[in-house]
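Welcome, and please open the model in your viewer. We will go from stop to stop, with a selection to make at each one.

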Amino acid sequence: MAEDSRIFLGLGSNIEDRYNYLKTGIYLLNTHSHIWVIDQSPVYQSSPLYYADQEDFYNMVIEIETNLEPLQLLDEIKKIEHKAGRIDIKKKNMPRTLDIDILAVGDLIIRTNILEIPHSKISERKFVLKPWNDIAPEFIITNINKNINKLLRETNDTSLIQMILILDNENSI
């Protein structure tokens with residue numbers, strides 16, 4: 001697929017059965033009539049970055065295809081988060097069942113109050129860069145003209161990120 005059309009989402013959970021919330025998120029995305037999951041990273045565990053008094057996160061990055069425009073995709077992602085039990089809390093960086101972020105939509109740049117693409121905090125989040133590097137290390141973040149592998153090597157985030165091996169009935173997420 002052309003680099004300028006690849007779409008990546010970051011998924012995270014740190015409440016209760018984190019793995020099943022990620023699994024539910026992928027299922028809901030993939031059963032949506034306009035979203036198709038085409039690749040996914042392993043699951044990683046990491047400590048919370050901004051508000052430390054909460055459980056560790058499980059995180060992963062997936063690649064999708066969609067025929068939705070970015071704002072439509074954002075609306076559908078919010079609906080999926082709610083279906084997975086996410087409760088709207090106005091305070092940022094609090095515990096959540098499922099968090100889905102649009103990380104990049106090809107080489108598109110959007111900066112609004114509602115949506116920033118590429119995600120503005122990619123370079124400071126090892127919990128995003130590490131799983132993303134597993135599935136698309138050469139993907140270039142347009143506005144900073146660096147690929148994921150280089151961003152991972154250069155990040156100031158020194159957090160411990162550990163891959164989680166989980167075998168369920170299907171032997172994978």
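Start with the aromatic rings: this predicted model has three aromatic pairs. Select F8 and F139 to see one that is edge-to-face, with 4.8 Å from centre to centre and 65 degrees between the planes. Colour the chain by position and you will see that this pair links distant parts of it, since the two residues are 131 apart. F8 belongs to strand β1, while F139 is in the loop between α3 (126-135) and β8 (140-141). Are these two rings buried or exposed? F8 is buried, because its relative accessible area is 0%, and F139 is buried too, with a value of 1%. Now add W132 to your selection: ring pairs join F8, W132 and F139 into a cluster.

Next, show the nonpolar side chains. The largest nonpolar core has 29 residues, and L9, L11, L29, I62, L73 and I102 are the ones with the most contacts inside it. At least two core residues come from each of β1 (7-13), α1 (18-30), β2 (35-40), β4, α2 (70-83) and β5 (99-105). Which element gives the largest share? That is α1, with five residues. Keep the view there and pick out a second, separate core: it has 18 residues, including V61, L129, A136 and F139. You met F139 a moment ago, in the edge-to-face pair with F8.

Now select α1 alone. Its 13 residues should span 18 Å at 1.5 Å a residue, and its end C-alpha atoms are indeed 18 Å apart, so the two values agree. Colour its buried residues, which are R18, Y19, Y21, L22, G25, I26, L28 and L29. What do they pack against? Show β1, β2, β3 (43-46), β4, α2 and β5 to see their partners.

Two residues of α1 deserve a view of their own. Centre on L29 and, leaving out residues up to four places away in sequence, you will find that L29 touches L9, I35, V37, I62, I77, I80 and I100. Then move to R18 and show Y58 as well: the charged end of R18 sits over the ring of Y58, 3.9 Å from the ring centre.

From here, go to T66 in strand β4 (residues 57-66). T66 counts as buried because its relative accessibility is 18%, and the cut-off for buried is under 20%. Which backbone atoms lie by its polar side chain atoms? Show the backbone oxygen of H34, 2.5 Å from a polar atom of the T66 side chain. Then show the backbone nitrogen of L68, which is 3.0 Å from a polar atom of that side chain. Beyond four places in sequence, T66 touches I7, H34, I35, W36 and L73.

I7 leads on to the last stop, V105 in strand β5. Select both and look at their C-alpha atoms: 4.4 Å separates them, although I7 and V105 are 98 residues apart along the chain. V105 is buried, as its relative accessible area is 14%. Without its neighbours within four places in sequence, V105 is in contact with R6, I7 and I117.

Methods. Residues numbered from 1 in each chain as written. Predicted model: local features only at pLDDT ≥ 70, side-chain atom pairs only at ≥ 80, totals over all residues. Heavy atoms only, no water. Helix = DSSP H or I, 4+ residues; strand = E, 2+ residues; numbered from the N terminus. Buried < 20%, exposed > 50% of the residue type's maximum accessible area, 1.4 Å probe, protein only. Polar contact = N/O pair within 3.5 Å; in protein donor to acceptor, adjacent residues only side chain to side chain. Contact = heavy atoms within 4.5 Å. Core = buried A, V, L, I, M, F, W, Y, C linked by side-chain atoms within 4.5 Å. Phe/Tyr/Trp six-rings, centres within 6.5 Å; stacked < 30°, edge-to-face > 60°. Lys NZ or Arg CZ within 6 Å of the ring centre and 35° of its normal. Expected span 1.5 Å × (residues − 1).
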